[in-house]
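Student: I am new to this structure and would like a close look at one part of it, taken slowly. Please begin with the charged side chains and carry on from there to the strands and helices around them.

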Amino acid sequence: MTGRGPILFVAAAAAAWAQCGLEQARQADSLLARHDLAGAEAIAANCDSKAPFKVILGEIAFRRGKVVEAERQFRDVTATNPNAARAWFRLGQVSDYTFNRKTAQDCFRRAHQLAPDSAPLILHWAMTLDGADAAAALETYLGMATNQDPRFTQRAHALLEIQQVLGDRKPFGLVSNYGRSQIRLEPVSRGRELYAYRVPVSINGGEPARLLLDTGAGGLVINAGLAARLHVRRLASTTVSGLGDQGDARGWVGIAERVRVGTVEFRDAVVTVSESPILGSEGLMGTDIFEPFLVTLDLPDGVMRLEPFPGAADGRPSDRGFESDPEMERIYRIGHMLMVPTSVSGSEPAMFVIDTGASQTLIGKEFAAELAKMRSAANLPIGGLSGKIDDVDAADDLKFKFGGFSVHCQDTLSINLKRHDDDLGMEVAGFLGFPILKLFSITLDYRNGLVKFECPTAQGRAR
């Protein structure tokens, strides 16, 4: 979970800030909260040797998708000022986004020790804990969070409900044997064109629902009618958000006792239920439910393969470190979204979401303006979990370079991603959609944060 704007630990940092201009630091923070990165950078750069400003510069780098630079700034501050709670907190976020889970937990714990009265920090720390420890931290957060974003308090209530039901059990506990599995994907076509895959998913022993294979989704997301038919146990209200112009949809979080995909069966599956229609589908299946496995999506052949990690009883990761394929490259994860650095028509690499659930490849309007002349495509039916998108442009031919491959894509669509980016806390340049991804066999290593793309030819063309 990420918050809007910076989280200030003023009491812990005021003395250090006074040495380099508390008023300037406040001005830079105010600009950062309004997503004015250039303005904040102009102030912070003049005092970049001072710890608070180095943290601000690290946050600016992170929001621009420059994760390595952000991590360097935060590590520099924690090395020279070990009592800088804000730097520890941000380093925890970077560690989480780079799949260093144990490091993230340690950083959040250190930040919490230094700033025990920071409600947002307690929430992030709680999300790294399990069992009674997690429940206690969530209750502490909810007791303090009187002025927090209501979406976050609602999320905390839902997490607490889940934790109280599961106790010491983890969601999506593996019931079937931890071994190799292969699942046939069901093609979805428009005419002769393949534009998606669905996966048969049995919930609570019911007839399999056909859920969209969606690497851009988190867990299981289904509509309310399907949830009622399959007896998903309702726990707490939530909001369901994604791309679209209609804003967050009402929904709730529940528990399914059993979920089966092919020969793989889980218990205590957390299910997000949308009370609004999910465009073109009964629901979505995020590939992150298979985190204990090495996941290969062979999209040209329509097969998903799951391989167990050697030496692991159930594959549950604690931190990076498993010796994996040297041909794999790093990916980044914010929430459920996996991102890979991508260059478009010669641009500097920027963060793109790997999204098999996107029927088109998308780029943000600001990013697109630097690349090609756009034309209006407002008549195209495009949307997401937050409804239809009206303001759509298109470019005829762009060249995407990622994972060692180059792909020419026709009719790349451009939409406004500002609200999405502000909520996420990072500028996302776009989404690699199914028209591009269907050319590849994609191997995802959720344990180490790695991906490998394989394609019969070094170059391809996506329509």
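Salt bridges, a strand and a helix

Tutor: In this predicted model, Arg234 has a relative accessibility of 46%, so this residue counts as partly exposed. Glu275 is partly exposed as well, with a relative accessible area of 38%. The side chains of Arg234 and Glu275 meet in a salt bridge, with N and O 3.9 Å apart. Because Glu275 lies in the loop between strand E9 (264–274) and strand E10 (283–285), while Arg234 belongs to strand E7, the pair ties together parts that are 41 residues apart in sequence. Elsewhere, salt bridges with shared partners join Lys54, Glu69, Arg72 and Asp76 into one network, and the structure as a whole holds 22 salt bridges.

Within that network, the side chains of Glu69 and Arg72 form a salt bridge at 2.8 Å from N to O. Both residues sit in helix H5 (residues 67–80), where they are 3 residues apart, or about one turn of the helix. Arg72 also forms a salt bridge with Asp76, whose closest approach of N and O atoms is 3.2 Å. Asp76 and Arg72 are separated by about one helical turn, because they are 4 residues apart in helix H5. In general, an α-helix has 3.6 residues a turn, so residues three or four places apart point the same way. The three side chains of these two bridges are comparable in one respect that can be read from their accessibility: Glu69 is partly exposed at 28%, Arg72 is partly exposed at 41%, and Asp76 is partly exposed at 30%.

Turning to the strands, E15 (337–344) is mostly covered, with 7 of its 8 residues buried. Strand E14 (residues 332–334) runs antiparallel to E15 and is joined to it by 3 bridges, and within this pairing Tyr332 stands opposite Met339 of E15. The hairpin of E14 and E15 has 2 residues between the strands, and in that hairpin Gly335 takes a positive phi near 65°.

E15 is also joined to E16 by 4 bridges, again in the antiparallel sense, and Val340 has Phe352 in E16 as its bridge partner. The hairpin of E15 and E16 has 5 residues between the strands, and Ser345 lies in the loop there, between E15 and strand E16 (350–354). The phi of Ser345 is near 50°, a positive value in a residue other than glycine. As background, most residues other than glycine have a negative phi. Ser345 counts as partly exposed, because its relative accessibility is 38%. A further partner of E15 is strand E21 (residues 393–402), which pairs with E15 in the antiparallel sense over 2 bridges, and here Ser343 stands opposite Lys401 in E21.

A positive phi in a residue that is not a glycine is found at His231 too, where the angle is about 60°. His231 lies in the loop between helix H11 (224–229) and strand E7 (233–240), and at 65% relative accessible area His231 is exposed. Strand E7 has already come up, since Arg234 lies in it.

For a contrast with these accessible residues, consider helix H8 (residues 119–126), which is largely enclosed by the rest of the structure because 8 of its 8 residues are buried. These buried residues of H8 are Ala119, Pro120, Leu121, Ile122, Leu123, His124, Trp125 and Ala126. What covers them includes helix H6 (85–97), helix H7 (101–114), helix H9 (131–144) and helix H10 (150–166).

How values were computed: Residues are numbered from 1 along each chain as its sequence is written. This is a predicted model: local features need pLDDT of at least 70, side-chain atom pairs count only at pLDDT 80 or more; totals for chains, interfaces and linings use all residues. Side-chain values use heavy atoms; hydrogens and water are left out. Buried means under 20% relative accessible area, exposed over 50%, partly exposed in between (1.4 Å probe, protein chains only). A salt bridge is a side-chain nitrogen of Lys or Arg within 4 Å of a carboxyl oxygen of Asp or Glu. Two strands pair if DSSP finds at least two bridges between them. Contact means heavy atoms within 4.5 Å.
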